[in-house]
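Let's take a walk through this one together, with the model open beside the text. Keep a viewer handy and follow along.

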Amino acid sequence: GTFGGLARFDGTSFTLVERRDSAGRHIDRVLSLAVGSDSILWIGTESGLLRRRGARYDSYTTAEGLPSDEITLLHVDRGGVLWIGTPRGLVRFVNDRFVALSEVDGKPVGTVLLIVEDRRGTLWLETSDGIVLIDATGAGTHRLPAAAAGQRMLLEDRAGARWFRRTSGVARLGASGDSMRDFGPADSVPRP
């Protein structure tokens, strides 16, 4: 995905994949991509969501129920559900309709910047207003304590602890979710 549209790489060179319809040729600034379990390509652009099946494109915008035409992030979870991050919150595509998640714990979700799925199927969202957790069913949600705000989840280790990137190093949130430990330059091991 590029700011000049969708491109295909064949191992040697890139070829622009044009999108044409009755209105002519479209140039889409691609912000995100995801492949569904059915091999459908989802394309997040500045002007809406595209679903590419073969050479056909289906276009979705606020007219079809998206909270914003700008699609900042796409994630297909292990159950095959498409999650769509926008500057105005999160949406999931279920049974050919959009279901919005606009609030968590009484506060707006905010702009979704990153989605990471852990081994239990819980989605970890980095948002402009902190970290939000969504359980595997998509129904249960809550925010992490403010201490975790501004972090970017990198991975989950074998013990179930989550590691986050921070400006000054990394942080580890214990498996129980109640203790965060920072590791910065002072914690580094000297090289021999």
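What follows goes from a sheet to the nonpolar cores, then to the salt bridges and one arginine. One thing to keep in mind from the start: this is a predicted model.

Start with the sheet. Four strands make it up, in the order E9-E10-E11-E12, and the sheet is open, with antiparallel pairing. Which strands stand at the edges? Those are E9, covering 73–76, and E12, covering 97–101. Each has a single partner strand, so one side of each has no neighbour in the sheet. Going from one strand to the next, the twist averages 25°.

Now zoom in on one pairing. Strand E11, residues 89–94, runs antiparallel to E12, and 5 bridges join the two. If you want a spot to click on, try arginine 92, whose bridge partner in E12 is valine 99. As for what holds such neighbours together in general, strands of a sheet pair through backbone hydrogen bonds.

The sheet strands turn up again once you look at the nonpolar side chains. The largest nonpolar core has 14 residues, and Trp42, Leu49, Leu74, Leu82, Ile84 and Phe98 are the ones with the most contacts inside it. Elements E9, E10 and E11 each give two or more residues to this core. Isoleucine 84 is a good place to park the view: leaving out residues up to four places away in sequence, isoleucine 84 touches Leu49, Leu66, Ile71, Leu73, Leu74, Gly89, Leu90, Val91, Phe93 and Phe98. There is also a second, separate core of 12 residues, with Leu90, Leu101, Val112 and Ile115 among them.

On to the charges. Side chains of opposite charge can pair when their charged atoms come close. How many salt bridges does the structure hold? The count is 8, and three of them are worth a visit.

First stop, aspartate 58 and arginine 56: their closest N and O atoms are 2.9 Å apart. Are the two partners buried or exposed? Aspartate 58 has a relative accessible area of 12%, so this residue counts as buried, whereas arginine 56 is at 53% and therefore counts as exposed.

Next, arginine 78 pairs with glutamate 117, with 3.1 Å between the closest N and O atoms. This pair links distant parts of the chain: arginine 78 sits in the loop between E9 and strand E10 (82–86), while glutamate 117 is in strand E15 (residues 112–117), 39 residues apart. Arginine 78 counts as exposed, at 53% relative accessibility.

Then there is arginine 172, whose side chain meets that of aspartate 157 in a salt bridge at 3.9 Å, N to O. Here too distant parts of the chain are linked: arginine 172 is in strand E21 (residues 169–173), and aspartate 157 is in the loop between strand E19 (152–156) and strand E20 (162–166), 15 residues apart. Arginine 172 is partly exposed, with a relative accessible area of 29%. Elsewhere, salt bridges that share partners join Arg51, Arg53, Arg56, Asp58 and Asp96 into one network.

Last stop, arginine 143 in strand E18, residues 141–143. With 13% relative accessibility, arginine 143 falls under the 20% cut-off and so counts as buried. Its C-alpha atom is separated by 6.9 Å from that of valine 104, although the two residues are 39 apart along the chain. Leaving aside neighbours within four places in sequence, arginine 143 is in contact with Val104, Asp105, Lys107, Pro108, Val109, Thr127, Asp129, Ile131 and Val132.

Methods:
Residues are numbered from 1 along each chain as its sequence is written. This is a predicted model: local features need pLDDT of at least 70, side-chain atom pairs count only at pLDDT 80 or more; totals for chains, interfaces and linings use all residues. Side-chain values use heavy atoms; hydrogens and water are left out. Two strands pair if DSSP finds at least two bridges between them. Axes are lines fitted to C-alpha atoms, for helices over the stretch in contact, and angles run from 0 to 180 degrees between N-to-C directions. Buried means under 20% relative accessible area, exposed over 50%, partly exposed in between (1.4 Å probe, protein chains only). Contact means heavy atoms within 4.5 Å. A salt bridge is a side-chain nitrogen of Lys or Arg within 4 Å of a carboxyl oxygen of Asp or Glu. A nonpolar core is a set of buried Ala, Val, Leu, Ile, Met, Phe, Trp, Tyr and Cys residues joined through side-chain atoms within 4.5 Å.
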